[in-house]
Amino acid sequence: MQCRFCGSVNQKRFIGEMGIRSPGLKNIDKAVVWVFPNLIVCLDCGMAEFIVPKNELGALAKGDAAAAAGS
């Protein structure tokens, strides 16, 4: 597979851990949605790709971190 950004084939898979929240001070009190995606990282340019799992994606769409916590 080639990097979509630079075209390099120097890519590696990793397991990620990240908290996602909506930007801005008005959203500061909303809970973080935690995701643990598989990542593909280009080791030449740093471009990273991942897919947000379905339950967490639904929580992001609704703005409801509690829904994702049960998955």
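**Group meeting: a salt bridge and a three-stranded sheet**

Good morning. I begin with a pair of side chains: glutamate 49 and arginine 4 meet in a salt bridge, with a nitrogen-to-oxygen distance of 3.0 Å. This pair links distant parts of the chain, since glutamate 49 belongs to strand S5, residues 48-50, and arginine 4 to the segment before S1, 45 residues apart. The structure holds one salt bridge. Please keep in mind throughout that this is a predicted model.

How exposed are the two partners? Arginine 4 has a relative accessible area of 71% and is therefore classed as exposed, the cut-off being over 50%. Glutamate 49 has 22%, and because buried means under 20%, glutamate 49 counts as partly exposed.

Let me now set out the overall architecture. The secondary structure of the protein consists of two helices and five strands. Along the sequence, these elements follow the pattern β-β-β-β-β-α-α. The protein has 71 residues, and 23% of them are buried. The exposed area of the protein is about 5,300 Å², of which carbon and sulfur atoms supply 57%. As for contacts between residues at least 6 apart in sequence, 41% join residues at least 24 apart.

I turn next to the sheet. In what order do its strands lie? The order is S1-S4-S5, in an open sheet of three strands with antiparallel pairing. S1 and S5 are the edge strands, each pairing on one side only. Neighbouring strands of this sheet are turned against each other by 25° on average, with direction ignored.

Consider the two pairings in turn. Between S1 and S4, the antiparallel pairing runs over five bridges. Within it, phenylalanine 14 has leucine 39 in S4 as its bridge partner, and glutamine 11 stands opposite cysteine 42 in S4. Between S4 and S5, the antiparallel pairing runs over three bridges. Here the bridge partner of valine 41 is alanine 48, in S5.

The hairpin of S4 and S5 has five residues between the strands, and glycine 46 in this hairpin takes a positive phi near 90°. S4 itself is mostly covered, with four of its five residues buried. As a general remark, side chains in a regular strand alternate between the two faces of the sheet.

Glutamine 11 merits a separate comment. This residue lies in strand S1, residues 11-15. Which residues does glutamine 11 touch, leaving aside those up to four places away in sequence? The contacts are Met1, Gln2, Cys3, Ile40, Val41, Cys42 and Leu43. Glutamine 11 is also 9.4 Å from methionine 47, C-alpha to C-alpha, although 36 residues separate the two in sequence.

From the sheet I move to the loops. Asparagine 27 is placed in the loop between strand S2, residues 18-20, and S3. Is asparagine 27 buried or exposed? Its relative accessibility is 9%, and because the cut-off for buried is under 20%, asparagine 27 counts as buried. Beyond residues up to four places away in sequence, asparagine 27 touches Arg21 and Ser22. Asparagine 27 and glycine 63 are 36 residues apart in sequence, and their C-alpha atoms are 9.6 Å apart in space.

Finally, the surface. Which residues make the nonpolar surface patch of about 310 Å²? They are Val32, Trp34 and Phe36. Of these, phenylalanine 36 is found in the loop between strand S3, residues 33-35, and strand S4, residues 38-42.

To recapitulate, the model shows an open antiparallel sheet ordered S1-S4-S5, with S4 mostly covered. One salt bridge is present, joining glutamate 49 in S5 to arginine 4 in the segment before S1. Val32, Trp34 and Phe36 form a nonpolar patch on the surface. Thank you for your attention.

Methods
Residues numbered from 1 in each chain as written. Predicted model: local features only at pLDDT ≥ 70, side-chain atom pairs only at ≥ 80, totals over all residues. Heavy atoms only, no water. Patch = residues over 30% accessible without salt bridge, like charges linked within 9 Å, V, L, I, M, F, W, Y side chains within 5 Å. Areas by Shrake-Rupley, 256 points an atom, 1.4 Å probe, with all protein chains shown as cover. Salt bridge = Lys/Arg side-chain N within 4 Å of Asp/Glu carboxyl O. Contact = heavy atoms within 4.5 Å. Buried < 20%, exposed > 50% of the residue type's maximum accessible area, 1.4 Å probe, protein only. Pairing = 2+ DSSP bridges. Axes fitted to C-alpha atoms, helices over the stretch in contact; angles between N-to-C directions.
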